[in-house]
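Colleague: I would like to go through the labels attached to this model one by one. For each, please give the value and the rule behind the label.

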Amino acid sequence: MNKNNIIIIVAVILILIAFAAFGSNTTVQIIMLLAALLALLYTRRSTMYFARANKAYTAKKGDYIQLYNKAVKAGLAYKYMVIAGTILIKEGAVEDGKNALCRIINDRHFRDDKIISQARIALSMGYYQEKDYSKAAEICEEVMKSDYRDKNLYINLSTYLLALGRLDDFYILVDEFSSKSKLSTPALADLQVTRCILQGDFIKAYQMLVYFMKQYTFNFADPYVHFAQVYMHYGEAEKAVEVLKECLAKVLFEPIYIIPKEVIRQLIEELSDPDRAPALMAANNADPLALINGHMPQPYSGEIIFASFSEVEEAEKQEEIEKRRQKSLIERDHSTDLTDEDEQWLKRHQDS
C-alpha cells in the first residue's frame, strides 16, 4: 500500500480518537487534531512537488528532473507516477523513470489494470533508450495479450518492431490500429506512411504525406525524413533538402526521438553535394529501413537508377480525372431535368 494512504488512515484514526476518547480534554484534542493535520499535509508533498515539476518542465526551466524524483519518493499517486516516469525517461533520466514505473508494476496490492498497462508501456521506452529492443518489444507484447489498447502502445511497439526488423509483425500491427477510427494521431498516421515506403508504394506514401502535412502539426522528425526518402526515391535531392531544412526549423529534438538532429544535418550536407547525393539516394532506396530507424544507410556502390517523379504527377492527374468523372455521374444521377427518353415515357403514359 502507498505510504501516503497509510498516513491518511492514521490521521483519520487520530481524529476519531480525539473526539471519542478525549471528549472533555480540549488540549489533548487540539494536539491530536494538529498531529492529524500535519500528517495530512505531509501526504500532499508529492502533489506539490509534481505540480512544481510540471510547471518547470513546461517552461523548460529549473531542475524538473529533481522535482519529479522528489514527487515519486514522496509517494505520488500512481496515475501521476506514470506521467512522472514517462517524462523522466523521455528527458534522459532513464534509470529514475524505470524505477518509478517498476514501483507501480511490482506493487502486489495494486489492481488497476489500466494504470499498470500504461506503466508497462512507458517502461518499455526505458529499454528502448538502452537499445534493448527485444525487451522493449516483449513488454509491449505482454500488454497486447490483454484488452488494453492506446496510441502509445501502438506507437511504441511499432518502433521496436521496426528496430528489430520484424516487418511482417509491424504490418499486422499497422493493419490493426488503422482499422480503429478513434486512434488518429500524427505518429500513427506517419507509421502508415512508413509501411508504404517499406512496401515500395512511394506514390501512396507521397500522397499520404501531402495530406497529413495539411492535417497535422508534426513535432517530431520522422515524417519530414520520410518525405525526404520519397523524394530521394525519385532522385529529387533538392526537394529532399527543402523538407529536411523545414524539419530542423520546426522540430524540437528530445532524447527519446528516433531520428537525431545529427543524422538530418548529415543528410542535408550529402544531398546538397551533387557528387555525393546520387549514391546516398541510391543507398536509401536499397535500404529505406536504415533511415526509418534513425541511421544513415550503408554506402552504395551499385548501379544508380531512379524512378521518374512524373509517375507521381501522372497518378495525381488520373485521380483528379476520376474524381471529376465520379462527380459528373453523381450529378447526372441526381438531375431533375427531363431527358428525351423521359418525355417519350410521359407521352405513352399520360392517358393511363
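**Labels and their cut-offs**

Modeller: Across the whole structure, a search turns up 20 aromatic pairs. One of them joins Tyr-128 and Tyr-133, with ring centres 5.3 Å apart and planes at 45°.

Colleague: What makes Tyr-128 and Tyr-133 a pair, and what is its geometry called?

Modeller: Rings of Phe, Tyr and Trp (its six-membered ring) pair if their centres lie within 6.5 Å; planes under 30 degrees apart are stacked, over 60 edge-to-face, and the rest tilted. The centres of Tyr-128 and Tyr-133 are 5.3 Å apart and the planes make 45°, which gives a tilted pair. Phe-170 and Tyr-171 are also a tilted pair, at 5.9 Å and 55°. Separately, Phe-50, Tyr-57, Tyr-64, Tyr-68 and Tyr-80 make up one aromatic cluster.

Colleague: What sort of model is this, and which residues count?

Modeller: The model is predicted: local features need pLDDT of at least 70, side-chain atom pairs count only at pLDDT 80 or more, and totals for chains, interfaces and linings use all residues. Residues are numbered from 1 along each chain as its sequence is written, and side-chain values use heavy atoms, without hydrogens and water.

Colleague: How many helices and strands does the protein have?

Modeller: The protein has 19 helices and zero strands. Both are DSSP runs numbered from the N terminus (helices: H or I, at least four residues; strands: E, at least two).

Colleague: Why is Thr-86, in helix H5 (residues 78-90), put in its exposure class?

Modeller: Buried means under 20% relative accessible area, exposed over 50%, and partly exposed in between (1.4 Å probe, protein chains only). Thr-86 has 17%, and is therefore buried. Thr-86 touches Ala-122 and Met-125, residues up to four places away in sequence not being counted. In the protein, buried residues make up 42% of the 352 residues. Tyr-128 and Tyr-133 are among them, and so are Phe-170 and Tyr-171.

Colleague: Helix H3 (residues 45-59) and helix H4 (residues 64-73) pack with axes 8 Å apart and an angle of about 160°. Why does that angle get its label?

Modeller: Under 35 degrees is roughly parallel, over 145 roughly antiparallel, 65 to 115 roughly perpendicular, and the rest oblique. The angle of about 160° is over 145, so H3 is roughly antiparallel to H4. The crossing of H3 and H4 is left-handed (the near helix is turned anticlockwise from the far one by less than a right angle; clockwise would be right-handed).

Colleague: Which residues of H3 and H4 meet?

Modeller: From H3, the residues are Ser-46, Tyr-49, Phe-50, Arg-52, Ala-53, Asn-54, Ala-56 and Tyr-57; from H4, Tyr-64, Leu-67, Tyr-68, Lys-70 and Ala-71. By class, the contact of H3 with H4 has nine nonpolar, two polar and two charged residues.

Colleague: The axes of helix H10 (residues 167-178) and helix H11 (residues 186-198) come within 10 Å and cross at roughly 140°. Why is H10 called oblique to H11?

Modeller: Roughly 140° falls in none of the three named ranges, so H10 counts as oblique to H11. H10 passes H11 in a left-handed crossing. The contact of H10 with H11 has eight nonpolar, three polar and two charged residues.

Colleague: Helix H15 (residues 261-271) and helix H16 (residues 277-286) have axes 8 Å apart and an angle of about 130°. What makes H15 oblique to H16?

Modeller: The angle of about 130° again lies outside the named ranges, so H15 is oblique to H16. Leu-267, Glu-270 and Leu-271 of H15 make the contact with Ala-277, Leu-280 and Met-281 of H16.

Colleague: Met-296 lies in the loop between H17 (288-292) and H18 (310-333). What makes Met-296 buried, and which residues are in contact with Met-296?

Modeller: Met-296 has a relative accessible area of 18%, so the residue is buried. Contact means heavy atoms within 4.5 Å. Leaving aside neighbours within four places in sequence, Met-296 is in contact with Val-263, Gln-266, Leu-267, Glu-270, Leu-280 and Ala-290.

Colleague: Why is Pro-288, in H17, called buried?

Modeller: The relative accessible area of Pro-288 is 13%, so Pro-288 is buried. Pro-288 and Leu-198 are 90 residues apart in sequence, with 6.7 Å between their C-alpha atoms.

Terms used. Axes fitted to C-alpha atoms, helices over the stretch in contact; angles between N-to-C directions. Nonpolar A, V, L, I, M, F, W, Y, C, P; charged D, E, K, R; others polar.
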